[in-house]
Structure formats: structure tokens, C-alpha cells
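Biologist: Please take a close look at one part of this model, the largest pocket, and set it in the context of the chain around it. What is its volume, and which residues line it?

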Amino acid sequence: YINRRHRLKQLVLAVLTLFPALKKRLGQIAVSAMAAQKARPIVTAELAHPTPRARRIYAELKAAKANHDREGSNADFN
């Protein structure tokens with residue numbers, strides 16, 4: 001929230017300069033929060049269990065890609 005508001009960020013950093021221990025602790029919290037956010041699974045529960053139709057489409061796409069890779073990327077798509 002603060003990073004998106006430049007003036008507020010400047011004000012907060014100016015105040016935190018007076019309290020180095022608090023500034024360090026907040027920095028650690030921010031880093032751990034960013035790491036936790038990156039560690040979240042990319043696939044949602046809904047996508048983890050696709051419908052039969054979605055599985056069929058995925059299999060067809062996977063087969064088409066494998067066929068394309070076998071033929072080489074220089075294949076003509078006409």
C-alpha cells in the first residue's frame with residue numbers, strides 16, 4: 001500500500017529513520033511477506049482438478065505440441 005504512494009512512503013521512511021530498530025524489523029517483515037507471496041501455489045484448486053473436457057483439450061494441445069516439436073519449428077503452417 002505504501003510503496004504505491006510515493007509521498008506517504010517518503011514520510012514513513014523519514015519517520016522510521018528516527019527508529020532504526022523498527023525500520024529494520026519492518027523491512028524483515030516486508031521481505032518475508034514478499035517471499036510468502038511468491039511461494040503460494042500458482043495453480044488454484046479449481047485448476048488442479050480439471051473437468052473431463054478440460055483434460056481432453058489439454059491432451060490434444062499436448063499432442064499437437066509434441067507433433068509440432070517432432071516436425072521441427074520450421075514447419076510451414078499453411
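**The largest pocket and its surroundings**

Modeller: In this predicted model, the largest pocket has a volume of about 390 Å³. Its lining is made up of 14 residues, of which Ile2, Asn3, Leu26, Gly27 and Ala30 are the closest to the centre of the pocket. Two elements, α1 and α2, each give two or more residues to this lining, and α2 supplies the largest share, with seven residues. By character, the lining divides into nine nonpolar residues, three polar ones and two charged ones.

The surface also carries a nonpolar patch, formed by Tyr1, Ile2, Leu8, Leu11, Val15, Leu18, Phe19, Leu22, Leu26 and Ile29, which together have about 940 Å² of accessible area. Here too the elements that give two or more residues are α1, spanning 6–16, and α2, spanning 20–39. Ile2 and Leu26, named above among the residues closest to the pocket centre, also belong to this patch. Leu18, another member of the patch, lies in the loop between α1 and α2, and Leu18 counts as exposed because its relative accessibility is 64%, where the cut-off for exposed is over 50%.

As for the wider setting, the chain comprises four helices and zero strands, running α-α-α-α from the N terminus on. Of its 78 residues, 1% count as buried, while the chain exposes about 7600 Å², with carbon and sulfur atoms supplying 62% of that area.

Note on methods: Residues numbered from 1 in each chain as written. Predicted model: local features only at pLDDT ≥ 70, side-chain atom pairs only at ≥ 80, totals over all residues. Heavy atoms only, no water. Patch = residues over 30% accessible without salt bridge, like charges linked within 9 Å, V, L, I, M, F, W, Y side chains within 5 Å. Areas by Shrake-Rupley, 256 points an atom, 1.4 Å probe, with all protein chains shown as cover. Salt bridge = Lys/Arg side-chain N within 4 Å of Asp/Glu carboxyl O. Buried < 20%, exposed > 50% of the residue type's maximum accessible area, 1.4 Å probe, protein only. 1 Å grid on protein atoms, 1.4 Å probe; cavity = no way out; pocket = protein on both sides within 12 Å on 5 of 7 lines; lining within 4 Å. Points joined across faces, edges and corners; volume = space filled by probe spheres on them. Nonpolar A, V, L, I, M, F, W, Y, C, P; charged D, E, K, R; others polar.
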